[in-house]
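Thank you for making time for this. I would like to walk through how a few helices in one model pack against one another, so please keep the picture in view as I talk.

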Amino acid sequence: VLAMGISLGMETRITREVARAPERAGMLVGAALRIRLLLLLPALAALFLGMRMAHFDEQTRTVALILALSTALGSLNSLLMAALQGLERMSYGVRGAVGLNLLEVVLALILIAIHGGVVLFALLTLIVVASAIPIWVKAAKAGGLPTTEAPHEPSTLVVAAEIFTTADEKQTIRDYEDHQRTLASSHSAPL
């Protein structure tokens, strides 16, 4: 409920707007982060008061608050991920997710080895999510991190948009194929 209350569909909007105007990425993400932080404070306060009134035991309250903080940090992280998607830098998200999953597995194994309790396991989640925030902030500020991705090249494919091809699409495909055959027969096509 906490995540839904603070999300408001901002990630989709950020991705779309950053894709349209990459130069505005910093301003858009900054505004969305401020809005999300303003929504987080009353949501966390309501959660805290609700747990107090429900008379949960101390351990349950502690775990719930730690997981709520983890959810809050994750929601901030998701805004930065949305901006990277808008900038078409999805590889950073994949690398980050793999790194976080590995970190979580290692920390979980350590917790199992030392017979950690529920509170330590909840703290593990918070630590893993919090560790990603500086990386996403750095990537968002820089417009992306160094990459080995090939530069963007526009597609030259001419294909139908749907399963059933329209008459206009069929004609366009025929024209394209005729043009390709003409180029190939005149040997002017690059090899």
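Let me begin with helix 3, residues 25-53, and helix 4, residues 58-86, which pack at an angle of about 165° with their axes 11 Å apart; here axes are lines fitted to C-alpha atoms, for helices over the stretch in contact, and angles run from 0 to 180 degrees between N-to-C directions. Helices are DSSP runs of H or I, at least four residues, numbered from the N terminus. Helix 3 and helix 4 are therefore roughly antiparallel to each other, a term for angles over 145 degrees, just as those under 35 count as roughly parallel.

Before going further, I should say that this is a predicted model, in which local features need pLDDT of at least 70, side-chain atom pairs count only at pLDDT 80 or more, and totals for chains, interfaces and linings use all residues. Residues are numbered from 1 along each chain as its sequence is written, and side-chain values use heavy atoms, with hydrogens and water left out. The protein chain averages a pLDDT of 75, and 76% of the residues score at least 70, pLDDT being the predictor's confidence in each residue, from 0 to 100.

Returning to the first pair, the residues of helix 3 that meet helix 4 include Leu33, Leu37, Leu40 and Phe48, and those on the helix 4 side include Leu65, Leu69, Leu76 and Leu79, where contact means heavy atoms within 4.5 Å. The residues of this contact divide into 18 nonpolar, 2 polar and 3 charged; Ala, Val, Leu, Ile, Met, Phe, Trp, Tyr, Cys and Pro count as nonpolar, Asp, Glu, Lys and Arg as charged, and the others, Gly among them, as polar.

What does helix 2 do against helix 3? Their axes lie 10 Å apart at an angle of about 170°, and that makes helix 2 roughly antiparallel to helix 3. Met10, Glu11, Ile14, Glu17 and Val18 in helix 2 are the residues that meet helix 3, where their partners include Leu28, Val29 and Arg36. This contact divides into 9 nonpolar, no polar and 3 charged residues.

Glu11 and Arg36 also form a salt bridge through their side chains, at 2.8 Å from N to O, the rule being a side-chain nitrogen of Lys or Arg within 4 Å of a carboxyl oxygen of Asp or Glu. The pair links distant parts of the chain, 25 residues apart, with Glu11 in helix 2 (residues 10-20) and Arg36 in helix 3.

Finally, the axes of helix 2 and helix 4 come within 7 Å and cross at roughly 30°, which makes helix 2 roughly parallel to helix 4.

Note on methods
Helix = DSSP H or I, 4+ residues; strand = E, 2+ residues; numbered from the N terminus. Parallel < 35°, antiparallel > 145°, perpendicular 65-115°, else oblique.
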